[in-house]
Amino acid sequence: MAAARVQLLLSGHPESVSFAQSVCGRLGAGPGLGPWPTHCGLKRGQLLLSNKPFPGASVKLPLQRPPFCPFAALDQQPRPPGTELPTNRGVDLGVAIILQSSDQTVLLTRRTRTLRVSPNLWVPPGGHVELDEELLDGGLRELWEESGLQLPQDQFSWVPLGLWESAYPPRLSWGLPKYHHIILYLLVVSQKSQQQLQAQIQPNPSEVSAFMWLGPEVAAAVAATEDGTQAPRHLSQDLPPSVLAVELEDDGGARPLALPMSTLLRTTPTTTESTERVSTGTKFALRLWLQHLESVTPQPYESEADVDPGPIKEVQNMDPLPQTRDPESQVHNSLPGPSP
């Protein structure tokens, strides 16, 4: 097995997590949605997690998973023959950058339709962290590779926001999971305005098909459409019908795109679809960003779409086990980026 990227400190010494195990479950998460406070050691190319304080822990972060997390479902259901998952792999590590401009908007990018994993999803820039990389450095590298933005070290501040247990496919009704990651969301606050940053963006067309900036009001509405809850929370009637984005064209150019608000408020479908939407993990990250924004800037906006970032009521939303698949088809090693 390759070097463990995510390790747990449960009985006094680090333990690796196998691909088929739920990280939240190993840390003692109950049947609820969370989030669960988790003590973290942020190491070069690795995460060390525990549900208790430990020497060397640098921060305590909220850890969450979707209510339909396939690894949680597999822990709770008997597995019929043929549903074995890889035993020679661990849980991988990804970093996603919530880039905030000086005028308090954040950048999201839309993954291209041709990507094998999580196509057509709106996510923050992010992806794989190399084993010898500092986590922030890996996130900034992914930001540059996907958006062309390079941030001088003296022109931004940063803070870790939270952890997301990610699987792809995201639901058992889509098939057995082939990817399993812990995504670390880092908030990077630039000294430049949205207009200044946008003038420097050069998206990578092999990964990004569009990008947009969200302000707090729209971000709150998106975060309120929690996947797996009984019903969307109350949304402001004053939300705009669309949000302005920039879409890449086949000839290398770009054009304005009026993205319908209804697209941003979609939830994860129960069947395999490449429906354009904001990923579930991104909604979690937006909630954490709003919470952070309120803590550093009291009452920055007034919106009926404002959401309580605390735990929400969960419904029974586990998918049944999928049909038997070829176990060899489950073996993949690369991290395609944060997934739903």
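Glu145 and Arg141 pair up in a salt bridge, with the closest N and O atoms 3.2 Å apart. Keep in mind while reading that this is a predicted model. The two residues sit 4 places apart in helix H3 (residues 135–147), so about one helical turn separates them. The general background is simple: an α-helix has 3.6 residues a turn, so residues three or four places apart point the same way. Glu145 is partly exposed, because its relative accessible area is 30%, a value that falls between the 20% limit for buried and the 50% limit for exposed.

Arg141 has another partner too. Glu133 also forms a salt bridge with Arg141, and here the closest N and O atoms are 2.7 Å apart. Glu133 counts as buried, because its relative accessibility is 13% and the cut-off is under 20%. So for Arg141 you have a buried glutamate, Glu133, and a partly exposed one, Glu145.

Those pairs belong to a longer list: searching the whole structure turns up 9 salt bridges. One of them joins the side chains of Arg110 and Glu276, at 3.1 Å from N to O. This pair ties together distant parts of the chain, since Arg110 is in strand E7 (residues 106–111) while Glu276 is in the loop between helix H6 (261–264) and strand E15 (277–278), 166 residues apart. Both ends are covered up: Arg110 is buried, and so is Glu276. Nor do they stand alone, as Arg110, Glu247, Arg255 and Glu276 are linked in a network of salt bridges. As a general point, side chains of opposite charge can pair when their charged atoms come close.

Now step back to the whole chain. Its secondary structure comes to 7 helices and 15 strands, and buried residues make up 55% of its 340 residues. If you take contacts between residues at least 6 apart in sequence, 74% of them join residues at least 24 apart.

Next, helix packing. Helix H5 (residues 216–224) is mostly covered, with 8 of its 9 residues buried. The buried ones are Pro216, Val218, Ala219, Ala220, Ala221, Val222, Ala223 and Ala224. What lies over them? The cover includes strand E12 (208–214), strand E13 (242–248), H6, E15 and helix H7 (280–296). E15 and H6 should ring a bell, because the loop between them is where Glu276 sits.

H7 is worth a closer look. In general, two packed helices are described by the angle between their axes and the distance between the axes. For H5 and H7, the axes come within 9 Å and cross at roughly 135 degrees. That angle makes H5 oblique to H7, because the roughly antiparallel class begins over 145 degrees. The crossing of H5 past H7 is left-handed. On the H5 side, the residues involved are Pro216, Ala219, Ala220, Val222 and Ala223; they meet Lys283, Leu286, Arg287, Trp289, Leu290 and Leu293 of H7.

On to the cysteines. How many disulfides does a search of the whole structure find? It finds 0. Cys24 is in no disulfide, and the nearest cysteine sulfur, that of Cys69, is 6.8 Å away, whereas the cut-off is 2.5 Å. Cys24 counts as buried, at 1% relative accessibility, and Cys40 is buried as well, with a relative accessible area of 0%.

Right beside Cys40 in the numbering is His39, which lies in strand E3 (residues 36–43). His39 is buried, with a relative accessible area of 15%. Leaving out residues up to four places away in sequence, His39 touches Leu48, Leu49, Ser50, Asn51, Lys52, Pro53, Phe54, Ala57, Val59 and Lys60.

Finally, a few backbone oddities. The peptide bond from Tyr168 to Pro169 is cis, with omega near -5 degrees, and Pro169 is found in the loop between strand E10 (156–168) and strand E11 (179–190). The loop between E7 and strand E8 (121–123) holds Ser118, which has a positive phi of about 55 degrees although it is not a glycine. Asn120 lies in the loop between E7 and E8 too, and its phi is near 70 degrees, again a positive value in a residue other than glycine. Are these two loop residues buried or exposed? Ser118 is buried, with a relative accessible area of 2%, and Asn120 counts as buried at 2% relative accessibility.

Note on methods. Residues numbered from 1 in each chain as written. Predicted model: local features only at pLDDT ≥ 70, side-chain atom pairs only at ≥ 80, totals over all residues. Heavy atoms only, no water. Buried < 20%, exposed > 50% of the residue type's maximum accessible area, 1.4 Å probe, protein only. Contact = heavy atoms within 4.5 Å. Salt bridge = Lys/Arg side-chain N within 4 Å of Asp/Glu carboxyl O. Axes fitted to C-alpha atoms, helices over the stretch in contact; angles between N-to-C directions. Parallel < 35°, antiparallel > 145°, perpendicular 65-115°, else oblique. Left-handed = near helix turned anticlockwise from the far one by under 90°.
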